[in-house]
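Visitor: I would like to go through the charged pairs and the strands of this model step by step. Could you show me the sequence and the structure before we begin?

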Amino acid sequence: MNTTQIVVTLVGLGVIGWIIWYFWLWKGEAVAAGVGAGGVQEVDVTVRGGYQPAAIEAKAGQPLRLNFTRREASMCGEEVVLPQFGRRAHLPENTTVGIEITPQAPGEYEFTCGMNMYKGKLIVR
């Protein structure tokens, strides 16, 4: 192998490592839901290449409002699905859409885009 082949191989391995870390290993920080008017827990979620924040902590037995704002033109972000709660919503671009649920039991609940490519997690304590 010459120097160019070694450099290209090392760069390729670095890119592969970054992809594995970003898509499968990175967990991101969980954001705790704040309590708003009327005791409703509330979190603003931005949709741009994924969910930000991607992990949300909430308290069981209290109403929770997730305010999704889509900041991209990608078709993947057009819909959010909360399968364990039987909820889904269309997300128009640059418009905030609130989804209210009341998680009763502690646990981890996934939410995804309509294509199941963007993933987020609701951690109920």
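Visitor: Is Arg-125 buried or exposed in this model?
Guide: The model is a predicted one, and the accessibility discussed here is computed from it. A residue is called exposed when its relative accessible area is over 50%. Because Arg-125 has a relative accessible area of 59%, the term that applies to Arg-125 is exposed.

Visitor: Which residue forms a salt bridge with Arg-125?
Guide: The closest N and O atoms of the pair are 3.3 Å apart, and a salt bridge calls for a nitrogen within 4 Å of a carboxyl oxygen. The pair links distant parts of the chain, with Arg-125 in the segment after strand S11 (119–124) and its partner in strand S5 (residues 55–58), 68 residues apart. That partner counts as partly exposed at 25% relative accessibility, and it is Glu-57.

Visitor: How many salt bridges does the structure hold?
Guide: The bridge between Arg-125 and Glu-57 is one of them. Another is formed by the side chains of Glu-42 and Arg-65, at 3.4 Å from N to O, and this pair links strand S3 (residues 41–47) with strand S6 across 23 residues. Counted over the structure, the salt bridges number five.

Visitor: Which residues are joined into one network by salt bridges that share partners?
Guide: Arg-65, besides meeting Glu-42, forms a salt bridge with Glu-100, where the closest N and O atoms are 2.8 Å apart. Here Arg-65 lies in strand S6 and Glu-100 in strand S9, 35 residues apart. Relative accessibility is 29% for Glu-42, 22% for Arg-65 and 43% for Glu-100, and each value falls in the partly exposed range, between 20% and 50%. The network consists of Glu-42, Arg-65 and Glu-100.

Visitor: In which sense do strands S6 and S9 pair?
Guide: Strand S6 covers residues 64–70 and is joined to S9 over six bridges. Within this pairing, Asn-67 stands opposite Gly-98 in S9. The sense in which the two strands pair is antiparallel.

Visitor: Which side chains of strand S9 point to one face and are buried?
Guide: Side chains alternate along S9 (residues 96–101), so that Thr-96, Gly-98 and Glu-100 point to one face and are not buried, a term kept for relative accessible areas under 20%. Glu-100, at 43%, is accordingly partly exposed. The residues that point to the other face and are buried are Val-97, Ile-99 and Ile-101.

How values were computed. Residues numbered from 1 in each chain as written. Predicted model: local features only at pLDDT ≥ 70, side-chain atom pairs only at ≥ 80, totals over all residues. Heavy atoms only, no water. Buried < 20%, exposed > 50% of the residue type's maximum accessible area, 1.4 Å probe, protein only. Helix = DSSP H or I, 4+ residues; strand = E, 2+ residues; numbered from the N terminus. Pairing = 2+ DSSP bridges.
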